[in-house]
Amino acid sequence: MSQVEILHATFSPIDHDISRPENPSFFHDLENVTRANTNALVHDILSSPSPLRLNTEAAESPHHEENLFQSLPPVHIGHPEIHLRNGVMNASMMANDGEPDAEKAFFVADLSQVYRQHQRWVSCLPEITPYYAVKCNPDPYVLRLLAALGTGFDCASNGEISRVLSIGGVDPSRIIFANPCKANSFIRNAGKLGVDTMTFDNMDELYKVARTHPRAKLVVRILTDDTKSLCQLGLKYGAPLVTVPALLSKARELNLDVIGVSFHVGSGCYDPTVYSDAIARARYAFDMAKEAGFSFTLLDVGGGFEDASFEQAASVLKDAIEEHFPDRRNIRVIAEPGRFYVSKAFSLAANIIARRAPFSDSAEMTTGNDQPSVMYYINDGVYGAFNCILFDHQVVHPYVLSMNGSFHVPSSEPVCTSSVWGPTCDSIDCVCPKTELPSGLRVGDWLAFDNMGAYTVCAASQFNGFEVSNVVYTLGSGVVAAEVRSKLVAFAVEACGR
Ligand SMILES: *Cc1c(COP(=O)(O)O)cnc(C)c1O
């Protein structure tokens, strides 16, 4: 039985058209609003005459929702901003119904953004197959969409391997176990599941692999310059080139197959010229392999790709590969991008649950004081989605999503230097130490944050009893939404048919 199902479009009488002037009193009208009927009739898409047809009428409506995968939340259609606003309005309705945690923070994930990044990848680096780094955001829709688009996957643990294989339709040969230091049991299990390609950077790992998965196809991870990156991974991983000949001769001795080289210039790489030096080092490793009697066939250029500098990085990489690997007939080039694919695809909406401000007649509030005078407390923080501030060295920028029942903040609104804090009782839980926000902002208003897709939701904890924020999915709008949908539907059919 297929798991592909379609939910009928649901409609609510609220006007969500973001291009129109706002109705500042929408919160007051909400009592008259009937909740969108989410229990709409479900029927099996395959039993309908044309299963892959996109209902274009429904596609026009942001209220349209559809269950493409039985085990996952529905997907919507429409610009992510519409869904940020819908979420705020739904929260308001739930609050009216007295539901606990009605104002819970939530993500909006725009799958069309992931799709667009893939198109960008393919157009700039057609020769390099991306193996998406699952740790960056193991979101079930992101994994399915990328699987549908034909990428591979970089997994670092048994858990990530199972997660990728469990979506169905992904052959284990499309996975690289790209953690150079693995538990014995993990290596054995990877072998059992048919995941053969794995990285190493030290002698002990070779003995472990010889014992637990002797048929593995090994990739030597070399150390490269990572000083131009937010997260320097060379502190922990990577074999210096001088150690490579000894590693290769040990592999020989143990009868292991080494098939290529990998590196990682560091995550959040802000100087793409480092790829050039890394490729030169990879060339040295290829030559050392030849000396040792191996003929390498895999060049893995790792991750580190940033949205803003992607085209520049791609061009540096292409030139360096052309220079150092002019004959690539027997070489497959892959990469392990993480951040590049998901960073911009997720936004987070958080509710202002508390405020600490000077009394209104106080002189502290007057403009000209550049120290934060108002503290806002929101319902997600560094123990949740904003762990990226601590672990991933990110700086986040809030903007006002709704204020005083309106999505429109007049440009005449005075601002005041403020700080934004998470909900836990720890003082490290500071989201934004200093920012300008409208002085009229109050408890119950909503802030939003863009670029929240990379290294956020995956490392969020429930410290202090605060739940991890949910995700609302959209396919985007227009032609791209239809394309993303048809990719996912085709994948669902294929994956379930296995
Ligand atoms: C984290 C990681 C990646 C992904 O890095 P990004 O900077 O997000 O592209 C790729 N490969 C390995 C081995 C990693 O550890």
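Trainee: What makes the approach of histidine 264 to an oxygen atom of the ligand a polar contact?

Mentor: A polar side-chain atom of histidine 264 lies 3.0 Å from that oxygen, and a polar contact is a pair of N or O atoms within 3.5 Å, so this pair qualifies. Keep in mind that this is a predicted model, where local features need pLDDT of at least 70, side-chain atom pairs need 80 or more, and totals for chains, interfaces and linings use all residues. Residues are numbered from 1 along each chain as its sequence is written, and side-chain values use heavy atoms, without hydrogens or water.

Trainee: Which polar contacts do glutamate 336 and arginine 339 add?

Mentor: An N or O atom in the side chain of glutamate 336 is 2.6 Å from a nitrogen atom of the ligand. Arginine 339 uses a polar backbone atom, 2.9 Å from a ligand oxygen. The protein covers 93% of the 390 Å² of accessible area (Shrake-Rupley, 1.4 Å probe) that the ligand has on its own.

Trainee: Why are Lys135, Ser267 and Tyr455 listed around the ligand?

Mentor: They are listed because a residue counts as near when one of its heavy atoms lies within 4 Å. Of the 15 residues around the ligand, these three come nearest, together with Glu336 and Arg339.

Trainee: What does "buried" cover in this chain?

Mentor: Buried means under 20% relative accessible area, and 54% of the 498 residues count as such. The chain still exposes about 21,900 Å², with carbon and sulfur atoms supplying 52% of that area.

Conventions. Buried means under 20% relative accessible area, exposed over 50%, partly exposed in between (1.4 Å probe, protein chains only). A polar contact is a pair of N or O atoms within 3.5 Å; within protein, one must be able to donate a hydrogen and the other to accept it, and residues adjacent in sequence count only if both atoms are side-chain atoms.
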